[in-house]
Amino acid sequence: MTKHNFEAETWRVLELLTHSIYSNKEIFLRELISNSSDAIDKARIKSLTDSNYLNKWEKFGIKVESDKKAWTITITDNGIGMSEDNMIKNLGTIAKSGTKEFIDKLKKAKDETENNLIGQFWVGFYSAFMIADKIEVESKEKWKKAAKWISDWKTGYDIADSDKKERWTTITIYVNKESKEFLEDWKLKELVKKYSNYVWVPIMMLEYDSRTDDEKKKEPKEMWFEQVNETKPIWKKNKSEIKKEEYKTFYQSISSDWNEPLFSMHNNVEWMVSYKSILFAPKEVNMYQNLSDPNVEYGPKLYVNNVLILEHAKELMPIWLRFISGVIETSDLPLNISREMLQDNATLDKIKKGLTKKVISELKKTFKNNKEDYLKFWTNYGKVIKEWIHYETDLKDSIAEISLFKWINNSDYISLDEYLETVPEKENEIEKDGKKEKIKEKTIYYIIAKSESEALASPYMAQFKEKNIDVLILTDHIDSFLVQWFNEYKWSKLLSITANDIELEKKSEEEKKKEEEKIKDFKWLLDLTKSTIWEEKIESVIFNDKLGDAFWALKTPSTWVDPQMEKMMKAMGQDVPVQKRILELNPKNSLIDSMKSEFDKDIKSEKLQDIIKYAYNQAILLEWGELENPAEFIWLTNKFASWYIK
Ligand code: ADP
């Protein structure tokens, strides 16, 4: 026998679990049964490729027994089993990412909330210590030596030899005084029904004998094991037979999400390919799903003729829908199909296409009928959906229809269709077959910015605010890519307000003339600006009278890479050539007139150059750009401050 210690994190969880309130305790059975059914799934997969793996007589199942005299509950399964090494690896540490998160939360939580947290997490095997003084796990992996794991939790755990011959796992819980109730058969059955009814392996328990102990003694009777759970898979049932609550329980059991799903979608397809599917979209953030890591397993479970082939069939779900969970069952694939064969499989491809369309249309329906929940969903998963831009071309418009955006007039999100209702039509002239033609168009205006506050502070926003025309605010990293390939929606163009010369109101001839004169008057300023700022940075200096209060703004010509994208490319180590910008001066700003009088006094005034440098840096800061020479900027600021106080 060898003595081992738990990891520090495990101690923390055990400490907490063993002091947990009563209402949490009953989840122990759900956790152990779920482990058993996972172990059986693994064994089933092994048996597909190895005909010697299973005994001829063997049927998969989980057995739950209690012994009132010995104060024990045992859970036995003929799953994959555990060798000594695996026991040490799996039962001495906490590996599951969600559990780590659980511990982090615990560290922050107060005592009373600690207890509420337990019910919301899949704490796994250790939950059995809530009702136990001691736990023994005896197990054997095929072709390996059997072993025994024993722990009273307080003193770590022991590993001992075992002479078990068959590949299966028995977990014996020595029930503590406070948890006597769980020794009752009826109680255990109730828990199986409540939490594990749809586990897809028979859960066997001794049939219930309602007679008193005396009656049983008088007339002994042989008791049989009977199946307690319903193993008919939920996806094979008639939709009309299934209650909403059952979908929810099923969702929670396969996704580990503790919340309700946004929707469940049950389909039975018999056209081109035949398959049954139940898919779920989450609403809240699921702690157990790591969406940021692209290598993480995702996708629904894949069954072929009742046999689980893949835990996560990536081949059935596009990566930008990786938060969708569920089950697909088909008989159109061979049972012994390997992962490699799945990669370019025409049947799977057809199913994938069908499912993708169905998910999109279900999301559309949810957006229409249940906006509040959809908004929550979008806040949590919108960023992932936007990744479609890298993968889909045919579905552009339908994905755009379910996409939401931030906009200036409201803190909520808006869809493109809703947005289009708010913008006025504009009359434009186009050339068609050599003739000029007037057409009415709507434009979708957007601004790419690091944050909403940056977007709102942009000088280019001024005319939109004034005219009360909405602008979509794109603040996600991926947005710069998105608008590169997605620039038209239902015949309306998407237009960046910082990269295009947008005139919301046509100028009169008189106004145009005035402007031209001003430009002539101020040509010196445009030239001076150009020569003061490093020419490689500036393509041209022009006037723009639609900048609100700002003195100037930096425009990115629409043929150049957007500044946000430029930052991202640099961060990824890509070479980005120096991008020339267009500097726009606001002729309506009174500073221009003061500069003119300074110029009239002294053509070579240093003050003018200082102001130009200062304002250029300001324009860069306004878009969260990097200053070339921060020291110079600070020096200038101090210089201005000392003038101000004089
Ligand atoms: P989780 O199931 O979330 O991974 P647990 O703490 O419940 O976390 O279990 C830890 C690991 O122990 C499992 O991942 C599995 O490898 C192993 N394990 C637990 N129960 C069994 C079992 N009945 N048969 C085989 N392996 C098991």
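**View 1. Strands β11 and β14 side by side.** In this predicted model, β11 pairs with strand β14 (residues 325-330) in the antiparallel sense over 6 bridges. Strands here are DSSP runs of E, at least two residues long, while helices are runs of H or I of at least four residues, and both are numbered from the N terminus. Two strands pair if DSSP finds at least two bridges between them. Look for tyrosine 275, which stands opposite threonine 330 in β14. Residues are numbered from 1 along each chain as its sequence is written, and side-chain values use heavy atoms, with hydrogens and water left out. Because the model is predicted, local features need pLDDT of at least 70 and side-chain atom pairs count only at pLDDT 80 or more, whereas totals for chains, interfaces and linings use all residues.

**View 2. Serine 274 and its surroundings.** Serine 274 belongs to strand β11 (residues 273-282). Is this serine buried or exposed? Its relative accessibility is 15%, so serine 274 counts as buried (under 20% relative accessible area; exposed is over 50% and partly exposed lies in between, with a 1.4 Å probe and protein chains only). Leaving aside neighbours within four places in sequence, serine 274 is in contact with Val269, Thr330, Ser331 and Asp332; contact means heavy atoms within 4.5 Å.

**View 3. The five-stranded sheet with helix α9.** This open sheet of 5 strands runs in the order β10-β11-β14-β12-β13, with mixed pairing. At its edges are β10 (261-271) and β13 (307-310), each pairing on one side only. From one strand to the next, the twist averages 20°. Helix α9 (residues 244-255) packs on the sheet and touches β10, β11, β12 (301-304) and β14. The direction of α9 makes about 85° with that of β11; angles run from 0 to 180 degrees between N-to-C directions, and axes are lines fitted to C-alpha atoms, for helices over the stretch in contact.

**View 4. The nine-stranded sheet with helix α3.** Here an open sheet of 9 strands has the order β1-β6-β5-β4-β7-β3-β2-β8-β9, again a case of mixed pairing. Which strands stand at the edges? They are β1 (2-4) and β9 (225-227), each with a single partner strand, so one side of each has no neighbour in the sheet. The partner β6 (residues 156-161) pairs with β1 in the antiparallel sense over 3 bridges, and lysine 3 has aspartate 158 in β6 as its bridge partner. Helix α3 (residues 27-49) packs on this sheet, touching β2 (62-67), β3 (72-77), β7 (169-175) and β8 (203-206), and its direction makes about 20° with that of β3.

**View 5. Helices α21 and α22.** The axes of helix α21 (residues 591-601) and α22 come within 9 Å and cross at roughly 155°. That makes α21 roughly antiparallel to α22 (over 145 degrees; under 35 is roughly parallel, 65 to 115 roughly perpendicular and the rest oblique). Leu591, Met595, Glu598 and Phe599 of α21 meet Lys607, Leu608, Ile611 and Ile612 of α22.

**View 6. Helices α22 and α23.** Helix α22 (residues 606-622) and helix α23 (residues 630-645) have axes that come within 10 Å and cross at roughly 120°. The two helices are therefore oblique to each other. Among the residues making the contact are Tyr614 and Leu621 of α22, and Phe633 and Trp643 of α23.
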